[in-house]
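Let's take a walk through this one together. Have the viewer open and follow along as we go.

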Amino acid sequence: MADPQQACLKAKTKAKKRYLKAKKERRKQRKNTARDGTLPEGETSDNPEDVPPEKTPTVINLTQQAEQSGFGTEGTIKKTKKRKLHRSIPGDFLEDQQSKPVEEVKSSLVDEPKSHRALPQFPLPTRPDAPSKIELALQGLNRAQIEAELVDPNSTLPIHLDADHNQSFLGLKTRKRLIELGVNELFAVQTAIIPFLLRPVHKYTSLYDPYHPPRDMCVEAPTGSGKTLAYALPIIELLSTRVVTRLRALIVLPTRDLVTQVREVLEMTGRGRGLKIGTVTGQHSFPHEQAQLVTDEEWRTGRTSKVDILVCTPGRLIDHIDGTPLFTLRDLRFLVIDEADKLLDKSFQDWLTKVLAVIQRPYHLYLPPTTPRRGFHLLENPSADSGVTASPISHESYSEFRTDYDEPKHSPCQKLLFSATLTSDPGKIASLGLRDPKYFIVRETATGATDSHHPVSKNFSMPANLTERMIVCDPSRKPLILFYLVHVRQVDNALVFTKSAESTARLVKLLELLEENSLMTGPEKFTIRSYSSDLPPSERKSILEQFREKKIDVLVCSDLISRGLDISHVAHVVSYDVPIDIRKYVHRVGRTARAGRHGEAWTLVEEQEARYFKTMMKDAGHFHHVKKLRISDKELFPFTAAYDISLLRLKEFYWSQ
Ligand SMILES: Nc1ncnc2c1ncn2[C@@H]1O[C@H](COP(=O)(O)OP(=O)(O)OP(=O)(O)O)[C@@H](O)[C@H]1O
């Protein structure tokens, strides 16, 4: 007897076979229909599967179809939508619908418009190339910085005394004076800056031209390249045309020593021109300085200033703005900020806000329009020395008369910024509110220049004739190595920079003891002195004078004199302690190799600092200029015994204090 279960299965298999056969038939029929565009007999077009292909427009419609046909449950639709994000080929979607015969659906899409098939051809997203160093450097910088003028450091301009050869726009008197001082040519920075400041806008050069306010200027040029003369000469040249004494040029510097130095340059070059030069640094008492600056004899005419040019430190300048009643910056024609990056530092910022508030105020050539006219108000008339002469218009009978003289004018003050490491920080420069600034950068323009040579790159240029060396050593050997350099490598006429006033004093004491105890030094003993903020100003001045006169061979100092100091015979600079940043390094080593002379820079790098120093120099694109030097124990041996004794004596010295 047949098993009823088996019989049932057989029956099901037969039914399935019939079903599949019928299905095949139907498919055949449909294919034929699709070819000739007719529906098979007995079938209606209600079935979405049978919609002629041209009526199956897009992927989105196919999804809708799936919903309509009922085989797309919620889950299926969701899945479909998700997949569509990845593969938008209609055929793919249909293949996913397991419950439908694949060919059947594909066949309905045979004639799908080709444009739809192009959709998946969108390009894959690609990662853009990293921006170049230049692009990064340019971000946030203003146009003036991008359009900076590069000046070739090798360009010079000979000074001639015949009138035809005056390309520099310097007057004959100035040129004669320069020749007397032994300056026969202008250095690169001077060839660019002096004509820019002196070239007349019209036919004549005037002290004030309210209708063509001068452009401000930023200058970055290597240390010792002659920036001081670059601004001193035009100031002297222009101010010599003045009739009455008024404060027209203000030169701000970060330290007293630099104020003295710049004053000397101005006095030397401006001799015989009748200009009065003053300084305020706090070195003298406040009333003394006040008496040098202003007089109240002619206050009615506004002629209160006793100086044409004032050289000052920022702190003392503010003291006089606040505390000297007749002191005014209203007549300023030049504001020079030397060592500008230093003076724009946070520690110095207050002075700038105050000074800018005074000089940036628009002014009226004559009286303010709201004030009734009663003669001239000379305090409000900064153009007394310009081509504009007094006229009867100022009489009170013309009180209603208005001309363009009554319009508020831009301040005629021209701001000039100088540094060997001028900041590329746009925020700092922007705080100065420069007027259409022109940037000059004195830098080698090597052929095949790379990013690092772009004007706005952070690399600073160094003096051409500077040799740089680094000595990696154990910290305990540093004094010994310095002693060795002085005695064996003839490192004299040297400035040695330490990290603080305290270490300056200790190092000098140790070196003095070493001199005493060393048998090797023989009769040739070196004079070593310290120079730091710990010393009173009078002593500092005297030490600097002795060093200038070559009475001191090695001057150990803190960074107090790392900027601006110009002593021509400095042949060596030793960074006994590694400088904390590249700016410090640039200024320190820049005390030598000035004005085209040769000079050597030595940096003692402690082993644990070597990586930091290397990175700093590499970032500045300068590491390849620094030669590595090894000093063996054998070379130091002749001094080691004296060194050990000196260390003991040093301990005793400090204990006894
Ligand atoms: N045209 C020139 N001919 C000869 N010597 C010059 C000339 N211009 C400047 N000097 C000399 O070059 C030296 C360096 O000049 P200066 O002090 O102005 O340099 P600097 O660019 O301001 O340097 P720093 O950035 O260190 O302050 C000075 O002794 C100066 O007298």
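Which strand and which helix each supply at least two residues of the shell around the ligand? They are strand 3 (185-186) and helix 11 (227-239). Keep in mind as you look that this is a predicted model. Helix 11 gives the most to that shell, with three residues.

Now zoom in on the ligand itself. There are 19 residues around the ligand, and the ones that come nearest are Glu185, Lys227, Thr228, Asp566 and Arg594. Start with glutamate 185, where a backbone N or O atom sits 2.7 Å from a nitrogen atom of the ligand. Serine 225 also uses its backbone: an N or O atom there lies 3.2 Å from a ligand oxygen atom. With arginine 594 it's the side chain that does the reaching, putting an N or O atom 2.8 Å from an oxygen atom of the ligand. As for how covered the ligand is, on its own it would expose 640 Å², and the protein buries 84% of that.

Next, swing over to the sheet. Seven strands make it up, in the order 13-14-12-15-16-11-17, with parallel pairing, and the sheet is open. At its edges you'll find strand 13 (528-531) and strand 17 (626-629), each of which pairs on one side only. Going from one strand to the next, the twist averages 20 degrees.

Let's pick out a couple of the pairings. Strand 12 (residues 494-497) and strand 15 (residues 572-575) run parallel and are joined by four bridges. If you want a landmark there, leucine 495 has valine 573 in strand 15 as its bridge partner. Out at the strand 13 edge, four bridges also link strand 13 to strand 14, again running parallel. In that pair, serine 530 stands opposite valine 556 of strand 14.

What about the helices that go with the sheet? Helix 20 (residues 537-548) packs on it, touching strand 12, strand 13 and strand 14 (554-557). The direction of helix 20 makes about 140 degrees with that of strand 13. Trace the chain from strand 13 through helix 20 to strand 14 and you have a right-handed β-α-β unit. Then look for helix 22 (residues 610-619), which lies across strand 11 (466-473), strand 16 (599-606) and strand 17. Helix 22 runs at about 135 degrees to strand 16.

Methods. Residues numbered from 1 in each chain as written. Predicted model: local features only at pLDDT ≥ 70, side-chain atom pairs only at ≥ 80, totals over all residues. Heavy atoms only, no water. Pairing = 2+ DSSP bridges. Axes fitted to C-alpha atoms, helices over the stretch in contact; angles between N-to-C directions. Contact = heavy atoms within 4.5 Å. Right-handed = clockwise from strand over helix to strand, strands pointing away. Near = heavy atom within 4 Å. Polar contact = N/O pair within 3.5 Å; in protein donor to acceptor, adjacent residues only side chain to side chain. Areas by Shrake-Rupley, 256 points an atom, 1.4 Å probe, with all protein chains shown as cover.
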